[in-house]
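Thanks for making time, everyone. I'll keep this short. Please look at the model while I talk.

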Amino acid sequence: MTMTLSREQILEKLIHAYGGYYDIERSDEFEPPLVAKCHFYVRSAKYVLIKKAELWSADSNEHIYIFSVPELTEDIYRSCEKLVYDQGMALIEPKPGHMYTYLTAVFICDTCTEGAKKLLKKCRLHKSFHFSLWGWMDFHTVLIQRGESKFLTNRSGKSNAKLMKNIFMKKKKKGSV
């Protein structure tokens, strides 16, 4: 099954899927090809009787940057990767209690050069803070190419490929709206 949606339809479907869990930012002021940012924050903690007696806490965050281009090239990929890394690292507050932050670059395109696919798949950006005692950052990539049924990711982004399959390749049941 290949995807026949336009880039705008793919974007709207992604925004709709992320909308229930993420804080979505869309603006005409974003530097193209950036079209949306999605932010997810979770804090888990364990207490003894009262909140002041905290045993442990863990902050988990994800920042997704969605890009839309007619053709993804090596230069566009590199500039977008740098943008996500620079802006995403500025959002991370490494401290006790920070467990992890995922920075995710999602590319929606009509076509993609082989060089850009290779860069996307080989991306391995990872940073630990204070020997991982203050958490870590992992960089995920996802390629959504019109007309393709496979979603390319880097090694860290494999879970994103499963999510994209659930969002875009789900068959409607008969009788459902």
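Start with Leu 72. Leaving aside residues up to four places away in sequence, Leu 72 touches Tyr 77, Phe 107, Cys 109, Thr 111, Cys 112, Thr 113, Ala 116 and Leu 143. Keep in mind that this is a predicted model.

Now, the core. The largest nonpolar core has 23 residues. Which of them touch the most other members? Leu 72 is one of them, along with Phe 67, Val 84, Phe 107, Met 137, Phe 139 and Leu 143. Two or more residues each come from E3, H2, E4, H3 and E6. Which element gives the most? That is E4, with five residues.

There is another core, apart from this one. It has 20 residues, including Leu 14, Tyr 18, Cys 38 and Phe 151.

Next, helix H3. This helix covers residues 114–122. Ala 116, which we met as a contact of Leu 72, is buried in H3, and so are Lys 117 and Leu 120. Yes, a buried lysine is on that list. Where do these three sit around the helix axis? They span an arc of only 100 degrees, so they are on the same side of H3. The general rule helps here. An α-helix has 3.6 residues a turn, so residues three or four places apart point the same way.

What covers that buried side? The cover on the buried residues of H3 includes strand E3 (50–72), helix H2 (74–91) and strand E4 (98–112). Strands E6 (136–145) and E7 (152–153) are part of the cover too. Now turn the helix around. The face directed away from the buried side holds Glu 114, Lys 118 and Lys 122, and these are exposed.

Over to the surface. Val 48, Leu 49, Ile 50, Leu 55 and Trp 56 make a nonpolar patch of about 580 Å². E3 supplies the largest share of the patch, three residues. Val 48 belongs to strand E2, residues 34–48. Is Val 48 buried, partly exposed or exposed? Its relative accessibility is 39%, so Val 48 counts as partly exposed.

Last stop, Tyr 21. This residue lies in the loop between helix H1 (7–19) and strand E1 (23–25). Its relative accessibility is 64%, so Tyr 21 counts as exposed. How far is its C-alpha atom from that of Cys 38? The separation is 9.2 Å, with the two residues 17 apart along the chain. Cys 38, remember, is in the 20-residue core.

That's my tour. Over to you.

Note on methods. Residues are numbered from 1 along each chain as its sequence is written. This is a predicted model: local features need pLDDT of at least 70, side-chain atom pairs count only at pLDDT 80 or more; totals for chains, interfaces and linings use all residues. Side-chain values use heavy atoms; hydrogens and water are left out. Buried means under 20% relative accessible area, exposed over 50%, partly exposed in between (1.4 Å probe, protein chains only). Helices (H or I, at least four residues) and strands (E, at least two) are DSSP runs, numbered from the N terminus. The arc is that of the directions from the helix axis to the C-beta atoms. Contact means heavy atoms within 4.5 Å. Patches are made of residues with over 30% relative accessible area and no salt bridge: like charges are joined within 9 Å, nonpolar side chains (Val, Leu, Ile, Met, Phe, Trp, Tyr) within 5 Å. Accessible areas come from the Shrake-Rupley method with a 1.4 Å probe; for residues, only the protein chains shown count as cover. A salt bridge is a side-chain nitrogen of Lys or Arg within 4 Å of a carboxyl oxygen of Asp or Glu. A nonpolar core is a set of buried Ala, Val, Leu, Ile, Met, Phe, Trp, Tyr and Cys residues joined through side-chain atoms within 4.5 Å.
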